[in-house]
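Okay, hi everyone. Have a look at the structure on the screen, and I'll talk you through some helix packing and a cavity.

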Amino acid sequence: MTSRTARYKDDDLAGEPPSTADNAAPDDTTSVEKLFEAKPVPPWTKQLTVRAIFVSAVLAFAFTFIVMKLNLTTGIIPSLNVSAGLLGFFFVKTWSKVLAQTGLLRTPFTRQENTVIQTCVVAASGIAFSGGFGSYLFGMSSIIANQSPEAAAAADIKNPSLGWMIAFLFVVSFLGLFSVLPLRKIMIVDFRLTYPSGTATANLINGFHTPEGAELAKKQVSKLGRFFSMSFLWSFFQWFFTAGDDCGFSSFPTFGLQAYKNKFYFDFSATYVGVGMICPYIINVSLLIGGILSWGVMWPLIANKKGDWYDAKLKSSSLEGLQGYKVFIAIAMILGDGLYNFVKVLARTLSGLYKQCYKKDSDVGPTDDSSHGHPPSISYDDKRRTELFLKDQIPTWFSIAGYVIIAAISTITLPFIFHQLKWYYIIVIYIIAPALAFCNAFGCGLTDWSLASTYGKLAIFCIGAWAGSDGGGVLAGLAACGVMMNIVSTASDLMQDFKTGYMTLASPRSMFVSQVVGTAMGCIISPCVFWLFYKAFGNLGSPDSQYPAPYALVYRNMAILGVDGFSALPRYCLTLCCAFFVGAIVINLIRDMVGNKYARFIPIPMAMAIPFYIGSYFAIDMCLGSLILFIWEKVNKENAEAFGSAVASGLICGDGIWTLPSSIIALAGVKPPICMKFLSRATNAKVDAFLG
């Protein structure tokens, strides 16, 4: 999946880099910076306050729980930037108000400090995704290996342990920050890349710190708090009815028992109703279409071939049976979608680079307007922002030295953690990684689409095939995926944050330091939160678990394909995989050819693939969220635009935070008192007769 943490971002945002239109000077009456002209910009050391780090740590802990839950259930993670910015504003504003009343307030709360908090929180919680706890890292475990089509060798298994997970993240998570650091001026000032998410976050923070924006933010926080409480209490209430397997509201056969058996039901999850309100409509509809196509049509038809296409005696979890079709066809669609978007974004990146270089050459030529006494028009905002963005320089030698030193430490350390990952594999990755990090950061600036997971899959196949089955290729491929994914993911995240800092007058130095601090927090918090899940829920990662971690099995089987080829696939599975691989490419091509007007009615293959393995229950939740937002917009569009994200964030956060007390309760051995289970009439009669 793609994301700032794998999170879905619609390709419709894609566009060419801003050019002459961006250089036109707007009317100064609409200038953002003139509103803040009277407020001095604090030096970068004053933007990094103790309260900002403290609030960031608290929010990072909470957001990591939310991301981890989403990671281990479906892998769909919406952008939480709005929530981070809003809650950071609320907490520090409240803190400042209390201190002001006691006369102890010395430093006013600025938008630069707000930006530091948002950057730090998103960097920390982002490690819960890029750390691979729901994908490549957990895919190394024996729990996932036992679901693979063949018995895994000991060399291809590494079970989670808090020590090596923290060490691994510390040696791979910082390289991406240094790999693109010298390019910040080129990306932000010279090329003026859009970075839509970074721009949107900056506009949000700037709005908070105007009188009108502060009043709206206060109402948004109130709405978020109300729905947070409702979501948390609803999750607490549901817990009482989950004393056994398939018990509780999450197993409610909304559309009948047969539909429930085929994963069609509403599971009363506040989290995914909230996620549905944030994700674009086309994502939610694509998920539902994928669920209907797979669980409603394909799997029942293939199940009828039991004994012909695959052995009838196989366990339902065996990847040599029906489960194999579910997993490998989903992988084929994900790879087809990923390959198409990789080529498309790479083409746009190269095209954008060519245009920028051509434009730069033209600007110094004889036709340049400035040579005729007409300098290019630059707005007051751009002048002010560029001046301050270039004020606090970070030396290039610092970036290069940082990358080389951390790469050297990592090259020495990683083979001790994964002896299958040879030192020369790591050196090759680190030589190639800066170029891929630049491509990802540049492409993200054009399209708002990070291809971190795609680069990670590329590393799986290349390093896995290089190592081979005798050299522990499966584990080597998964570990290489983690190295590559962390580098390219943090690189694009850093540039997004530089764009936010550019538009809020936050210093590049404070942005970089907050990103480093947030990443360090994430390297400790994320493994600890995952460890809590791992110990509290004994069946974590199994297909019927509350937390099936679907992408862990997907990533492991990609590694197996890279090492062993297609020998383990069930009958006709390869043919179906090829068809769906090509189909994903064709659908994406059609979406791009018809334009945005009609593309919004064509499903997205990546989203369609997710229910193939885990079912449609969460898609129904998300479609309900879409329906709620759609009706709300029809009734009162202005109100929906102002408070929709706050309501959705409240639903996600309340249910997500409940996982902390529920994990502690599970570790303490406390069991729910009631099992609410639904039986057919015939089964119920047998149970009554037995009990009677």
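I'll go through three helix pairs and then one cavity.

Quick housekeeping: this is a predicted model, where local features need pLDDT of at least 70 and side-chain atom pairs count only at pLDDT 80 or more, while totals for chains, interfaces and linings use all residues. Residues are numbered from 1 along each chain as its sequence is written, and side-chain values use heavy atoms, with hydrogens and water left out.

Helices here are DSSP runs (H or I, at least four residues), numbered from the N terminus. Let's start with helix 19, residues 452–467, and helix 20, residues 473–504: they pack at about 150°, with axes 7 Å apart. Axes are lines fitted to C-alpha atoms over the stretch in contact, and angles run from 0 to 180 degrees between N-to-C directions. So helix 19 and helix 20 are roughly antiparallel, the word for angles over 145 degrees. Helix 19 passes helix 20 in a right-handed crossing; that means the near helix is turned clockwise from the far one by less than a right angle.

Who touches whom? Contact means heavy atoms within 4.5 Å. On the helix 19 side we have, among them, Tyr455, Ile460 and Ile463, and on the helix 20 side, including Leu478, Met484 and Val488. The residues of that contact split into 13 nonpolar, six polar and one charged. Nonpolar is Ala, Val, Leu, Ile, Met, Phe, Trp, Tyr, Cys and Pro; charged is Asp, Glu, Lys and Arg; the others, Gly among them, are polar.

Helix 19 has another partner, helix 22: the angle is about 40°, the axes are 7 Å apart, and the crossing is right-handed. Here Ser453, Lys457, Ile460, Phe461, Gly464 and Ala465 of helix 19 meet residues of helix 22 including Tyr555 and Met558. That contact has eight nonpolar, three polar and one charged.

Next pair: helix 14 (281–303) and helix 25 (605–614), at about 40° with axes 7 Å apart. Helix 14 and helix 25 are therefore oblique, which covers angles that aren't under 35, over 145 or 65 to 115 degrees. Their crossing is right-handed. Trp295 and Trp299 of helix 14 are among the contact residues, as are Phe612 and Tyr613 of helix 25. By class, it's 14 nonpolar, four polar and no charged.

Now, cavities: on a 1 Å grid over the protein atoms alone, a cavity is a set of points where a 1.4 Å probe fits but can't get out, and lining residues have an atom within 4 Å of a point. Grid points are joined across faces, edges and corners, and volume is the space filled by probe spheres set on the points. There are four cavities of 30 Å³ or more, and the second largest is about 60 Å³.

Which helix gives the most to the lining of the second largest cavity? Helix 25, with four residues. The lining includes Ala330, Tyr551 and Ile610, and it divides into nine nonpolar, no polar and no charged.

Key
Helix = DSSP H or I, 4+ residues; strand = E, 2+ residues; numbered from the N terminus. 1 Å grid on protein atoms, 1.4 Å probe; cavity = no way out; pocket = protein on both sides within 12 Å on 5 of 7 lines; lining within 4 Å.
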